[in-house]
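Subject: A structure for you to look at

Hi there,

Here is the structure I promised to pass on. Please open it first, and then read my notes alongside it.

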Amino acid sequence: MIEFTVFFVFAAIAVIFALVVVLHRNPVVGALSLVASFFALAVMYVLLEAPFLAVLQVIIYAGAIMVLFLFTIMLLNLQRREEPATRPVQQFLGYTTSALFGIAMVYYLAKYAVLQLPSSPFLSDARRVGVTLFQAYVFPFEAVSILLLAAIVGALVLSGRSVTQS
Amino acid sequence: MIPTHWFLILSAVLFAIGVCGVLTRKNGITIFMSIELMVNAVNLTFVAYARQFHQLHGLIFVFFIMAIAAAEAAVGLAIFISLHHHRETIDVDEANLMRW
């Protein structure tokens, strides 16, 4: 019973803060709301018996990626800048399309995606995930490390142009 | 245990909110945050099905998606900083040239 209460409370938190991200004009408020939404999703991972991913979610998303976003927003000093109004046609089409998409997905998921729950609990602690990662997925793991290195170099090249010019 | 399709419905709602943000906003950083929201909705779907079918592969995929989202955020924000240096704005409607 307490599981269901936790689910509904944190689902509501995730959805409300996601709406704040999309609707609020100030990007700093949006970034902080996104952090709150990610924390609620970490609670969802705990409910889904994946505590390792919940920790990763908090450390990588709420910790690293959102700090990067906040640094960029503050570096560019976007807080006082007024966002120009979007064209009304684009606004209307965007809202109606995404609302229809969301309603259709929820309808079909509630109708056709109802599955029988597994009887035994899902064992996915850090040890099991690590063993699978380093046995079956060694090559993708190394490829991701090279991808991250390429991303570092790319970010330096893209944003450091004014430094090399001076 | 909470039924799997509830998590799928939550994920669908979050994804639709992210789509709404990408389609209606003009601020580049807000569009980027909406994309992160959609990535997280997909992650939730992966973990929900991983529990449903007792497969650890879904969790490994979420791990890789997180790494790729970090790389994407670094490069994308660098692009916005570069755009701000040249155009003094991050309005995506203003970014209409391939080079300058």
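Below is what I found, going from the core to the contact between the chains and then to a few single residues.

Please keep in mind that this is a predicted model.

**The core**

A good place to begin is the largest nonpolar core, which has 65 residues. The residues with the most contacts inside this core are Ala14(A), Met44(A) and Tyr45(A), together with Leu14(B), Val47(B) and Leu59(B). Seven helices each supply at least two of its residues: H1 (2-23), H2 (27-47), H3 (51-76) and H6 (138-159) of chain A, and H1 (4-24), H2 (28-53) and H3 (57-87) of chain B. The helix that gives the most is H1(B), with 12 residues.

The domain assignment of chain A gives domain 1 (1-81) and domain 2 (125-166). Both domains give residues to this core, so the core lies between them. The C-alpha centres of domain 1 and domain 2 of chain A are 23 Å apart.

If you want one residue to start from, try Leu14(B). Leaving aside residues up to four places away in sequence, Leu14(B) touches Ala14(A), Val15(A) and Ala18(A) from chain A, and Leu37(B), Asn40(B) and Ala41(B) from chain B.

**Where the chains meet**

How many residues does each chain bring to the contact? Chain A brings 74 residues and chain B brings 60 residues. On the side of chain B that touches chain A, H1, H2 and H3 each supply at least two residues. The largest share of that side comes from H3(B), with 22 residues.

One pair of helices to look at across the chains is H1(A) and H2(B). Their axes come within 9 Å and cross at roughly 155°. An angle over 145 degrees counts as roughly antiparallel, so that is how H1(A) and H2(B) run relative to each other. Their crossing is left-handed. Here Ala18(A), Val21(A) and Val22(A) of H1(A) meet Met33(B), Ser34(B) and Leu37(B) of H2(B).

Ser159(A) also touches chain B. This residue is found in helix H6 of chain A, and Ser159(A) is buried, with 21 other C-beta atoms within 10 Å. Not counting residues up to four places away in sequence, Ser159(A) touches Ala78(B), Ile81(B) and Ser82(B). The C-alpha atoms of Ser159(A) and Asn77(A) are separated by 16 Å, and these two residues are 82 residues apart along the chain.

**A helix pair within chain A**

Next, please turn to H2(A) and H3(A). The axes of these helices come within 8 Å and cross at roughly 175°, which makes H2(A) roughly antiparallel to H3(A). Among the residues that make this contact are Phe38(A), Phe39(A) and Tyr45(A) of H2(A), and Tyr61(A), Met66(A) and Phe69(A) of H3(A).

**Two loop residues**

Finally, which residue in the loop between H2 and H3 of chain A is worth a click? That loop holds Glu49(A), which has a positive phi of about 65° although it is not a glycine. Glu49(A) is partly exposed, with 17 other C-beta atoms within 10 Å.

In chain B, the loop between H2 and H3 holds His54(B). His54(B) is not a glycine, yet has a positive phi of about 55°. With 13 other C-beta atoms within 10 Å, His54(B) is partly exposed.

Happy exploring, and do write back with any questions!

Best wishes

Conventions
Residues are numbered from 1 along each chain as its sequence is written. Chains are lettered from A and ligands numbered from 1 in the order in which they are written. This is a predicted model: local features need pLDDT of at least 70, side-chain atom pairs count only at pLDDT 80 or more; totals for chains, interfaces and linings use all residues. A nonpolar core is a set of buried Ala, Val, Leu, Ile, Met, Phe, Trp, Tyr and Cys residues joined through C-beta atoms within 7 Å. A residue is buried if 20 or more other C-beta atoms lie within 10 Å of its own, exposed if 12 or fewer, and partly exposed in between; C-beta atoms are placed from the backbone. Helices (H or I, at least four residues) and strands (E, at least two) are DSSP runs, numbered from the N terminus. Domain bounds come from an automatic or database domain assignment. Two residues are in contact if their C-beta atoms, placed from the backbone, lie within 7 Å. Axes are lines fitted to C-alpha atoms, for helices over the stretch in contact, and angles run from 0 to 180 degrees between N-to-C directions. Angles under 35 degrees count as roughly parallel, over 145 as roughly antiparallel, 65 to 115 as roughly perpendicular and the rest as oblique. A crossing is left-handed if the near helix is turned anticlockwise from the far one by less than a right angle, and right-handed if clockwise.
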